[in-house]
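Open your viewer and keep the selection tool at hand. We will go from stop to stop, and each stop starts with something to select.

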Amino acid sequence: MVHRPYIVGNWKMNGSRALLAEARAIDRGAARYKDVAVALAPPFPLIGLLRDEVSAIGVGGQDCHTAPKGAHTGDVSAAMLADIGADFVIVGHSERRRDHGETDALVQAKAEAALAAGLGVIVCVGETLDERDAGHAEAVVTRQVDASLPTGDGVAEAATLGRLSVAYEPVWAIGTGRVAAVEDVVAIHAVIAARLTARFGDAGAKVRILYGGSVNGENAAALLAAPGVSGALVGGASLTADAFLPIVAAAGTGEL
Ligand code: PEP
């Protein structure tokens, strides 16, 4: 089973109920691309509302706590996300690693909590510009993949079922308009794929590896056609249907 390309919009800390109109338009457009799996990750307050407005796309969170419940003021558990109808959660986004000091070990625990709650999970990795300039991109991403991906029984099965994805997001390409060169994306995705196979065997090949970092309607086709790229994690260009649907179209075979 080869999974459909996966195009995921990360709304970050953007949006209000007014933006649900864009989600509805994205949902209608995505319904025309049955060969593409499309999803949106709005901020927590909009997840349940958005869930009720869409039918063709997946809905997810941008983070979760490691524990199912308890005294963790301001946090949201994976079980709570599942309860309001979320399908997946993003963990380890570089903005969370930066803003909240999230370590690989914490990201791993979050990913394990997500799978335990029955959610799909997208684990983000990616090097900073300093790390790339120092020639350490592959080493950094290898370390992050090895230390951030979930462990334990059931992970290989989740991978086989398409519930585990890795997003390669070079930090310097996020929100900067500076997209990574296709050959650099291919090289890093190959490194990630090798780690996944080493870790999960045949199931590792079922893990989607998304690229993220300034993806838009103009550059999406080249990135999505590159070997080893099985989808995209999209920030800024996921906030409107006009910007997001051309990326969905670039992943599919239908006509927009
Ligand atoms: C992201 O937030 O994961 C991202 C890739 O953002 P942008 O597309 O805006 O660079």
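What follows is a walk through a predicted model.

**Stop 1: the ligand**

Select the ligand and show what surrounds it. How many residues surround the ligand? There are 14, and the closest are K12, E169, G175, S214 and G235. The shell divides into four nonpolar, eight polar and two charged residues.

Now look at oxygen atoms of the ligand. One is 2.7 Å from an N or O atom in the side chain of K12. At E169, a polar side-chain atom lies 2.6 Å from a ligand oxygen. With S214, turn on the backbone: a polar backbone atom there is 2.8 Å from an oxygen atom of the ligand. On its own, the ligand has 300 Å² of accessible area, and the protein covers 95% of that.

**Stop 2: two loops beside the ligand**

Select K12. This residue is in the loop between β1 and α1. Check its backbone angles: phi is near 50°, a positive value in a residue other than glycine. Most residues other than glycine have a negative phi.

Stay in that loop and select G15, which lies between β1 (6-10) and α1 (20-30). Is G15 buried or partly exposed? G15 is partly exposed, because its relative accessible area is 48%, and the partly exposed class runs between 20% and 50%. Add P42 to the selection. G15 and P42 are 27 residues apart along the chain, and their C-alpha atoms are separated by 7.6 Å.

Jump to S214, in the loop between β7 (208-212) and α10. S214 also has a positive phi, about 60°, although it is not a glycine. S214 counts as buried because its relative accessibility is 18%, and buried means under 20%.

**Stop 3: the nonpolar core**

Select I7, V121, L164, I192, Y211 and F244. These have the most contacts inside the largest nonpolar core, which has 70 residues. Which helix gives the largest share of this core? Helix α11 (residues 241-251) does, with seven residues.

Select α11 alone. Its residues A241, F244, L245, I247, V248, A249 and A251 are buried. What do the buried residues of α11 pack against? Show β1, α1, β2 (37-41), α10 (220-224) and β8 (231-234) to see their partners.

Back to Y211. Leaving aside neighbours within four places in sequence, its contacts include Y168, P170, H189, L223 and L233. Apart from the largest core lies another, of twelve residues, among them I90, I122, A167 and L210.

**Stop 4: Y168**

Select Y168, in strand β6 (residues 164-168). Y168 is buried, with a relative accessible area of 0%. Show its surroundings, not counting residues up to four places away in sequence. Y168 touches residues including V125, R132, V141, I188, L210 and Y211. E127 is also touched, and a polar contact of 2.9 Å joins the side chains of Y168 and E127. For a long view, add V54: its C-alpha atom and that of Y168 are separated by 27 Å.

**Stop 5: K110**

Finish at K110, in helix α5 (residues 104-116). Is K110 buried or exposed? K110 counts as buried, because its relative accessibility is 6%, and the cut-off is under 20%. Show what is in contact with K110, leaving aside neighbours within four places in sequence: D63, C64, H65, T66, V91, R96 and E102.

Methods:
Residues are numbered from 1 along each chain as its sequence is written. This is a predicted model: local features need pLDDT of at least 70, side-chain atom pairs count only at pLDDT 80 or more; totals for chains, interfaces and linings use all residues. Side-chain values use heavy atoms; hydrogens and water are left out. A residue is near a molecule or strand if one of its heavy atoms lies within 4 Å of it. A polar contact is a pair of N or O atoms within 3.5 Å; within protein, one must be able to donate a hydrogen and the other to accept it, and residues adjacent in sequence count only if both atoms are side-chain atoms. Accessible areas come from the Shrake-Rupley method with a 1.4 Å probe; for residues, only the protein chains shown count as cover. Ala, Val, Leu, Ile, Met, Phe, Trp, Tyr, Cys and Pro count as nonpolar, Asp, Glu, Lys and Arg as charged, and the others, Gly among them, as polar. A nonpolar core is a set of buried Ala, Val, Leu, Ile, Met, Phe, Trp, Tyr and Cys residues joined through side-chain atoms within 4.5 Å. Buried means under 20% relative accessible area, exposed over 50%, partly exposed in between (1.4 Å probe, protein chains only). Helices (H or I, at least four residues) and strands (E, at least two) are DSSP runs, numbered from the N terminus. Contact means heavy atoms within 4.5 Å.
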